[in-house]
Amino acid sequence: MPTPIQSLGDLEQFWQQTLDWIGSHYLSIAIACASGALIIALLYGLRMLGTRLCRREHLGHWSRIIGRAIARTNIFFIVMLAARLVSGYATPPAVVAGTIGFLFTVATAVQAALWVRELIIGIVEHRAGEEDGVSSSTLGSAIGIIRLLVTAVCFIVATLLILDNIGVNITGLVASLGIGGIAIGLAAQGIFSDLFASLAIIFDKPFRRGDTVKWDQTTGTVESIGLKTTRLRSTAGEEVVISNTNLLNKELHNLAHTLRRRATLMLSVTYQTPPDVCRRIPEMVKAIVTAHDKAVFLHCCMVNFAPSSLDYELLFDVLDEDGEVFNSARHDICIAILETFAKEGIEFAYPTQTTFTAAPDGRMIMPYPEPAGPSDKPSRKAATPPA
């Protein structure tokens, strides 16, 4: 590739060769300039089209992202691209051609960095729900840091490409950057771990700000999601701060988008409940649950002979995402079960122990009074004294 201007002598030579070239090729230069102006007009019109694509909300997100990247096309790049395309037709001298080639390389590297930056940031902001700069994403506070990192990487690569094209040996510089990057990565391992966890939250979207989540032993509402930590407002009122890495390392339950919530109740009745009444308990409970407009009955059946109770398992769903609606429906059903069981004479069991004792003759003495029969009436006849 012809070399660009590098010294004062080259500048004088460039000026003299340019004047000679203009004097001998003025017609070709005029045609090349006209062609270049037409190319510039076409490329500028393409840039204006990209600006319009950014403003049209009805188009898909990919059209807006690509339009935003096109709108970032630099005027200097458009001019140098047109000059590079028409320079061969005008047959410029070596110094002029070298200067055009050098400036085109610089403009292309910088423009490529701008395009890549806009595409990456556009995709990240779309996935985060922050398109068009609206700060309503799951990770709004981290977007600025991500923009900075993407911009730094893109322009560092562009600078290396420019230096390599003008003949600078960048091997040592690349090695130094690699070693420095490894050292920084090891020193800030925890920070980068949380940063990648933040990126996982952006792209995977396990939860958003305002969602109610259950993590480990904590249940609360997500108040803010930052670069390193996520803050929850627990049901008890206190603020819980959890690092993003720990938040994704354990099982997390998102309760915000639950179309239905399931309630499981264990009903324990006493062993003194008659078998025919025990057989009717599932039907009683089913009638109570189905009478509620928000509840869907699943099943109710005896599941266990416990040490002090007969256990029934009741499962039903509440068709609402709101936790307060779920709590209210469960409360109404529990009260209705209490009323029905009281009306039917069914007693709830509680942990008890019964002690049985024996009389001197070995006869068992019951811990509760036995029903009195006709033969059990006490005799009014005086007992005969022993001889």
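1. Start with helix α11 in this predicted model. Helix α11 lies across three strands, β6, β7 and β8. Against β6, the helix runs at about 20°.

2. Helix α10 does something comparable to look at: it also lies across β6, β7 and β8. For α10 the angle to note is the one with β7, about 160°. So which strands should you have on screen for both helices? β6, β7 and β8, for α10 and for α11.

3. Now the sheet itself. What is the order of its 3 strands? Reading across, you get β6-β8-β7, in an open sheet with antiparallel pairing. In general, strands in a sheet pair through backbone hydrogen bonds, and the pairing can be parallel or antiparallel. Why do β6 (261-269) and β7 (295-305) have one side without a neighbour in the sheet? They stand at the edges, and each has a single partner strand, so nothing in the sheet flanks that other side. From one strand to the next, the twist averages 20°.

4. Zoom in on one pair of strands. β7 and β8 (residues 310-318) run antiparallel and are joined by 9 bridges. If you want one to find by eye, try Phe297, whose bridge partner in β8 is Phe316.

5. Back to the helices, this time against each other. α10 covers residues 275-290 and α11 covers residues 323-344; they pack at an angle of about 140°, and their axes are 10 Å apart. That angle makes α10 oblique to α11. The crossing of the two is right-handed.

6. Which residues make that contact? From α10 come Arg280, Ile281, Met284, Val285, Ile288 and Val289. From α11 come Ile333, Ala336, Ile337, Thr340, Phe341 and Glu344. Sort the contact by class and you find 9 nonpolar residues, 1 polar and 2 charged.

7. Last, a glycine in another part of the chain. Gly36 lies in helix α2, which spans residues 26-55. Is Gly36 buried or exposed? Its relative accessibility is 7%, and the cut-off for buried is under 20%, so Gly36 counts as buried.

8. Who is around Gly36? Setting aside neighbours within four places in sequence, Gly36 is in contact with Ala82 and Val86. Look at Ala83 too: Gly36 and Ala83 are 47 residues apart in sequence, yet their C-alpha atoms are 6.2 Å apart in space.

Terms used
Residues numbered from 1 in each chain as written. Predicted model: local features only at pLDDT ≥ 70, side-chain atom pairs only at ≥ 80, totals over all residues. Heavy atoms only, no water. Axes fitted to C-alpha atoms, helices over the stretch in contact; angles between N-to-C directions. Helix = DSSP H or I, 4+ residues; strand = E, 2+ residues; numbered from the N terminus. Parallel < 35°, antiparallel > 145°, perpendicular 65-115°, else oblique. Left-handed = near helix turned anticlockwise from the far one by under 90°. Contact = heavy atoms within 4.5 Å. Nonpolar A, V, L, I, M, F, W, Y, C, P; charged D, E, K, R; others polar. Pairing = 2+ DSSP bridges. Buried < 20%, exposed > 50% of the residue type's maximum accessible area, 1.4 Å probe, protein only.
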